[in-house]
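Trainee: Got a minute? I'd like to go through this fold with you.
Mentor: Sure, put it up and ask away.

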Amino acid sequence: MWSNLILLHSTDPITKTLDDSRLEVWKTCQRTLVFTDKRIFPMEEGKERLFDGWEVFHGFDAYRFLLEVVSGLRSKLFGESEIQAQFRDRFREENTCGSNFATSLLRLRDQILEQTKQIRSKYLTGIGRQTYGSVCESYLHNHKEVTLLGTGKLVDSILPYLISKHKQVRVIGRNQNRLDELSQLYPITTYHWEDYKPGKEAIVIASSFLPYNWNEMIQNSSLILDFREHTEGSHGYNHYIPLSQILNDLQETDEQIQNVKMDLQYFLTELTREREEEQIHILNGWEDLLV
């Protein structure tokens, strides 16, 4: 069923945007994935491993790569679980364009999520701290007041953990509608970037965007936890934890993860082969939807 699937992938935040009605795009904080089908967006397999700066996967190689992404196996925080919820939300029926290809993606979503659950239950249960929220909370257990900078998906992951620990949380952002939405979901206070001046509370940078004057404004913070993958170098903060240090601090589970990775390769091959065999036995796939 997925022999015609094409997946474009980039971890570069400035990769050229692809604006084409034949494509479905999924953006996360770490990568961008573009979905299409070679019958509506022809690309010759084997010759185009790169397309305009994008890494290209075809057919069941694309299926397997997507399975690895959604299972958290390609994430900076190995095995993290938020990516699964992000994938499910992106491909809710109301978030697709309603085309025949979009309809087929709903089936792809269901199959990926089904096998993701198998991977997680068999190999990832109990491996270290698997969510950004739980990692964040572990650094902030001595901080009563926390200011979150950003309103994206990462904030959705972090907020439940902070609220469950009875932190006094402020969320700062640019999108007023999003701030209103978050304030209705959680017992927090919200401010627009221009209306808030931080004090000595802990700061969590959960946005790739940071206004130029905020580097100085957060100098006196008791702790700065920075989840940005790309920063502008040293800021001279006294209590600063960058993403690279967060990842290094998680090395305690490395040996266990390396063993799991080896076993997972066989299991991923088995799961992908399972889908290929379904293609052989199921005659009515997306081909019928195109007619």
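Mentor: We'll go through the sheets, the cores, one helix and some salt bridges.

Trainee: Anything I should know before we start?
Mentor: It's a predicted model, so local features need pLDDT of at least 70, side-chain atom pairs count only at pLDDT 80 or more, and totals for chains, interfaces and linings use all residues. Residues are numbered from 1 along each chain as its sequence is written, and side-chain values use heavy atoms, with hydrogens and water left out.

Trainee: How many helices and strands are there in the protein chain?
Mentor: Ten helices and eleven strands. Helices (H or I, at least four residues) and strands (E, at least two) are DSSP runs, numbered from the N terminus.

Trainee: What's the order in the sheet of five strands?
Mentor: The order is 2-3-1-5-4, in an open sheet with antiparallel pairing. Two strands pair if DSSP finds at least two bridges between them. Strand 2 (24-27) and strand 4 (50-51) are the edges, each pairing on one side only. Strand 1 and strand 3 are joined by six bridges, antiparallel, and H9 sits opposite L33 in strand 3.

Trainee: Which strands does helix 3 lie across?
Mentor: Strand 1, strand 2 and strand 3, with helix 3 at about 120 degrees to strand 3. Helix 2 lies across strand 2 and strand 3, at about 150 degrees to strand 2. For those angles, axes are lines fitted to C-alpha atoms (for helices over the stretch in contact), and the angles run from 0 to 180 degrees between N-to-C directions.

Trainee: OK, cores. Which residues have the most contacts inside the largest nonpolar one?
Mentor: W26, F35, L66, F87 and L108, in a core of 35 residues. The elements giving two or more residues to this core are strand 1 (5-10), strand 3 (32-37), helix 1 (59-70), helix 2 (82-90), helix 3 (100-124) and helix 9 (254-281). A nonpolar core here is a set of buried Ala, Val, Leu, Ile, Met, Phe, Trp, Tyr and Cys residues joined through side-chain atoms within 4.5 Å. Buried means under 20% relative accessible area, exposed over 50%, and partly exposed in between (1.4 Å probe, protein chains only).

Trainee: And what does L66 touch?
Mentor: L7, W26, L33, F35, F87, L108 and I112, leaving aside residues up to four places away in sequence. Contact means heavy atoms within 4.5 Å. Apart from that core lies another, of 29 residues, with Y132, V146, L154 and I246 among them.

Trainee: Switching topic: what's the strand order in the sheet of six?
Mentor: It goes 8-7-6-9-10-11, an open sheet with parallel pairing. Strand 8 (189-192) and strand 11 (240-241) are the edge strands. Strand 9 (residues 202-205) pairs with strand 10 (residues 224-226) over three bridges, with I203 opposite I224. Helix 5 (residues 153-164) packs on the sheet and touches strand 6 (145-149), strand 7 (168-173) and strand 9, its direction making about 170 degrees with that of strand 6.

Trainee: Which residues of helix 5 are buried?
Mentor: L154, V155, S157, I158, L159, L162 and I163. Their cover includes helix 2, helix 4 (132-139), strand 6, strand 7, helix 6 and strand 9.

Trainee: What follows helix 5?
Mentor: H166, with a positive phi of about 60 degrees although it is not a glycine. H166 sits in the loop between helix 5 and strand 7, and is exposed at 61% relative accessibility.

Trainee: What about strand 7 and strand 8, how many bridges join them?
Mentor: Four, and the two strands run parallel. V171 has T190 as its bridge partner in strand 8.

Trainee: Last one: how many salt bridges does the count come to?
Mentor: The count comes to 13, where a salt bridge is a side-chain nitrogen of Lys or Arg within 4 Å of a carboxyl oxygen of Asp or Glu. R39 and D37 form one, at 2.8 Å from N to O. R39 is partly exposed at 32% relative accessibility, while D37 is buried at 4%.

Trainee: Is the pair R228 and D226 buried or exposed?
Mentor: R228 is buried, and D226 is too. Their salt bridge has its closest N and O atoms 2.8 Å apart. R64, E68 and R74 are linked in a network of salt bridges.
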